[in-house]
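Below are some notes for a colleague, set out as numbered points. They are meant to be read with the sequence and the coordinates open.

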Amino acid sequence: MNEEKKYNILQDVIKTETFITALVTGLVFMLAAWIIEFLRNHVMITLAGIGEIHRMSPLLYVFDLLPLFFILAVFLLDRRRVKDKIAFTSRLNEGESRMNAMADFAKQIGEGNYHSQLTISTDQDMLAQSLQLMRDNLLQNFRKETAQNWIAEGKETISDILRQHNKIEELSVKVIQTLVTYTRLIQGALYIYDEEKKILATAATYAYNRRKYDTAEYKLGYGLIGQCAYEMDYIYRTEIPDDYVTISSGILGDQKPRSLLLIPLITDEKLQGVMEFASLENQIPALTIELIKELGEIIARTFFNLKNNQRTEKLLHESQLMTLELQENEEELRQNAEEMRATQEELKKSNEHLEKQIQEVENAQKRQYSLLENASEIIAIYDENMVMKYESPSVIKILGFTPEEMMSGKDIDRLTRKGETGMRNMFKQLLANPSEPVTIQYTYMKKNGQKIFLEATGRNLLSDAAIEGIIINSTDITERKRAEREERLKSKMQALSENSLDLIIRLSTVGQFFYANPMVRNFMDIDPKDLINKTLSEISVSEVLHSYFKQTIDTIKAYPNKTSAEITVPAKIDGVQTDRIMSFAAIPEFNENELETILFVGHDITEAKQIELEIQDKNRKIEDSINYAQRIQSSILPDIRAVREYLPKSFIYYKPRDVVSGDFPWFFTRGHDIYIAVVDCTGHGVPGALLSFVGYFLLNNIVDRDRKMSAAEVCDLLHFGVRKTLKQDSEEAEARDGMDIAFCKVNHLEKEIQYAGAHRPLYLLRGEELIEYKGDRKAIGGIPHRKKEEENFTNYAIKYKRGDKFFFFSDGLPDQLGGPEDKKYSPKRIRDLILENKNLPIEKYSNLFAEDFELWKGEGKQIDDVLLIGIEF
């Protein structure tokens, strides 16, 4: 109903101009008097404020009666009816508007517009809050999926580049150019680590979408580049050093970057280089850092492989040059020989010299031939005293030491005691039997601290003029040892598989059987040896298994990852046909990075599933019982509407941790006395709820007596009542259960509130001051101290004033953990929150504490039941 119609209804009621004039005049005088009192007493213009100014200035009642002289009883009844009808129509329109707004909001979310905003208030509206929560969850999932796709696309792009190039220089330029462009950073550089020179040299620089040709070198530990390489960890800086380089642009001029990221390129714990990225933004996005860090190891391994390839090509080229040089020397010697034959006299003079030269060349050829032949080995020459005379350069690649370091004693220092003994025994055998080679195996500590296995073969060539020593050929057999160990484990696994209760099958990618353990008889009714080398199409197998094997093979061929599935399979066990629930794991097996076979392992989980169903049924029954208990507990507890009939300005903030609660509000009236309490029973959940029934009914029985009692006397009687109920006063008592309480007795006629507490305080906010009344340091109930007489509870009698606010609560509120440092909420935070909002109406404190509690708790769990009651007079 619109405003014009409301006006017409009111105009029909007012019949005469005189009546209208008198009514309006009375209303003007009344409203003017109200406004003057609002301004003079600084009271907020609310319904509560109107009552407040009337209490301060009773003369206002005279002004209020002026309009009544002109109002008839019929007019009052009719105006009430009209106003009710208008209010009802307004509520209907408002409800329809809210429903339309929420429907439009849900439609926007369904169309993928996760940034849509709800145009109405969501306070106290569960549907609106649920829609907003759904929108926030969908938006979060969308952002997470977008980030994952962005990282995957970046890794795929760089991987394609790494596969396309086999030159470090070209690859470096392409990688850094692509990364800078993809991540939208302003500049990037890539530095390659030279293991021989121990320096990092610029391989590629890219800035402002153009390749730069800057060159620089850094030692390990010097500058940010050297520091990143030395620590082998990434560096992210938003505070750039003053001496750091600037970035030049024709548009932007010279600017210093505002954020910097350095990523080391590491593979197998070896440094391959460093990537450097700069940005003019204050921060580099975390997603960009994550992508570059993940790419670091991939790029490092590619550079490591390329370096090895270049090193192999270099060694091959050097060996070819040495072979050509030897051929040239031989040709020169032959020419010299022909010239020396020209005269017999010259031949005799130079014969000895020529033989020495030929012998030296032959010795060099033999030594060079041995080194080239054993390039994958370490070749060492010792004298008869076990002193090293020569070490081949291959030791650098295999052990990490230079030949000079090995000849200075590292050959023996890095041996274990057993290895050193074996080496000395080998020398003794070689010296005793020069014609017999000796082979030993031992462990050796590489320069980087890694332990490897070496196999050394010694030959006594002291009599060989080309060697004149004992030659030791050492080979790294670590991989061979590992393979032997894997073979042993494989044999053991084969034995375990044969005796396993699981169904184990190995299939090729075309469905050919390579292995099946004896359990196959129960599910395929065929002997394992009859399956080998047959395909799925050649055997008779249940449709369920056939379909599962075929679909899984196709899935793993497309996406070579481990998969899991649960299927029901027909089986014949001990001659009885039955259905079994099988949990299958399909594991891809690779050979040289190519999918070779798929291992299927099926575990019978039929009994486990039956147990799981039984557990679910029991849990459902327990949950139903707890929910029923919650309905019983809720039915006896007071709600805020019942409390506000006697204490109009009050609130209850009640938040159980579980379905049922050990904390409960208690409320009772008798004559002019009002009783209200916060009760905190030992524990929470079902145990706390059971104890809460004891406290509830004991309190009802205590206060519902003929004689009047103070708040402390009620607590004393409750204390002994709990002990008696739980039989805690007997000699055999073990139950120490009890409860804490903040108990208040209010009498409006005497304007007095009495308080007694067990471990729980009472806060009084009076003006600018917050006064705390502490409860006694003992609980309600519990086993009594046999040798110490207990004192009664302390009774506080407080004369309240208008505007006084009282707060009392259970320990679940101050004990809640949370905040930035995961500390307790604390009584101090409660006091501070009350003082900071001292002018807030008492009813608003419930939402205030609820929001602050949730903010403090954050993502953490609620540790106890929470109950807070506030009263204003």
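Is Asp 617 buried, partly exposed or exposed? In this predicted model, Asp 617 has a relative accessibility of 28% and therefore counts as partly exposed.

1. The salt bridge of Asp 617. The side chain of Asp 617 meets that of Lys 621 in a salt bridge, with 3.4 Å from N to O. Both residues belong to helix 18 (residues 606-636), and because they are 4 residues apart there, about one helical turn separates them. Lys 621, at 49% relative accessibility, also counts as partly exposed.

2. A salt bridge in helix 22. Lys 828 and Asp 832 form a salt bridge whose closest N and O atoms are 2.9 Å apart. The two residues lie 4 residues apart in helix 22, which is about one turn of that helix, and Asp 832 is partly exposed, with a relative accessibility of 29%. Elsewhere, Arg 521, Asp 527 and Lys 529 are joined into one network by salt bridges that share partners.

3. A salt bridge between distant parts of the chain. The structure holds 32 salt bridges, and one of them pairs Arg 506 with Glu 589, the closest N and O atoms being 2.7 Å apart. This pair links distant parts of the chain, since Arg 506 is in strand 15 (residues 503-508) and Glu 589 is in strand 18 (residues 576-591), 83 residues apart. Arg 506 counts as partly exposed, at 24% relative accessibility.

4. A buried lysine without a salt bridge. Lys 778 sits in the loop between strand 26 (769-773) and strand 27 (780-781). Lys 778 is buried and yet has no salt bridge, and the nearest side chain of opposite charge, that of Asp 716, is 4.8 Å away. A salt bridge requires a separation within 4 Å, and therefore the distance to Asp 716 does not qualify. What the side chain of Lys 778 does reach is the backbone oxygen of Glu 791, at 2.3 Å. Leaving aside residues up to four places away in sequence, Lys 778 touches Ala 758, His 759, Glu 790, Glu 791, Asn 792 and Phe 793.

5. The open sheet and its helices. Strand 26 also takes part in an open sheet of 5 strands, which has the order 20-32-29-25-26 and antiparallel pairing. Its edge strands are strand 20 (650-655) and strand 26, each of which pairs on one side only, and the twist from one strand to the next averages 15 degrees. Within this sheet, strand 29 (residues 805-809) and strand 32 (residues 866-872) run antiparallel and are joined by 5 bridges, with Lys 805 standing opposite Glu 872 of strand 32. Helix 22 (residues 827-836) packs on the sheet and touches strand 25 (762-766), strand 26 and strand 29, its direction making about 25 degrees with that of strand 25. Helix 23 (residues 845-857) lies across strand 20, strand 25, strand 29 and strand 32, and runs at about 25 degrees to strand 20.

6. Strand 1 and its partners. Strand 1 is mostly covered, with 7 of its 8 residues buried. Strand 1 pairs in the antiparallel sense with strand 9 (residues 270-279) over 6 bridges, and likewise in the antiparallel sense with strand 2 over 8 bridges. Ala 189 illustrates both pairings, standing opposite Glu 276 in strand 9 and having Thr 205 as its bridge partner in strand 2.

7. Positive phi values. Most residues other than glycine have a negative phi, and two lysines may be inspected with this in mind. Lys 198 lies in the loop between strand 1 (187-194) and strand 2 (199-207), a hairpin with 4 residues between the strands in which Lys 198 takes a positive phi near 60 degrees. With a relative accessible area of 48%, Lys 198 is partly exposed. Lys 751, in the loop between strand 23 (738-747) and strand 24 (752-758), has a positive phi near 50 degrees.

8. A polar contact in helix 3. Arg 55 is located in helix 3 (residues 47-56), where its side chain makes a polar contact of 2.7 Å with the side chain of Glu 52. Arg 55 is partly exposed, with a relative accessible area of 41%.

Key:
Residues numbered from 1 in each chain as written. Predicted model: local features only at pLDDT ≥ 70, side-chain atom pairs only at ≥ 80, totals over all residues. Heavy atoms only, no water. Buried < 20%, exposed > 50% of the residue type's maximum accessible area, 1.4 Å probe, protein only. Lys, Arg positive; Asp, Glu negative; His and termini not counted. Polar contact = N/O pair within 3.5 Å; in protein donor to acceptor, adjacent residues only side chain to side chain. Contact = heavy atoms within 4.5 Å. Pairing = 2+ DSSP bridges. Axes fitted to C-alpha atoms, helices over the stretch in contact; angles between N-to-C directions.
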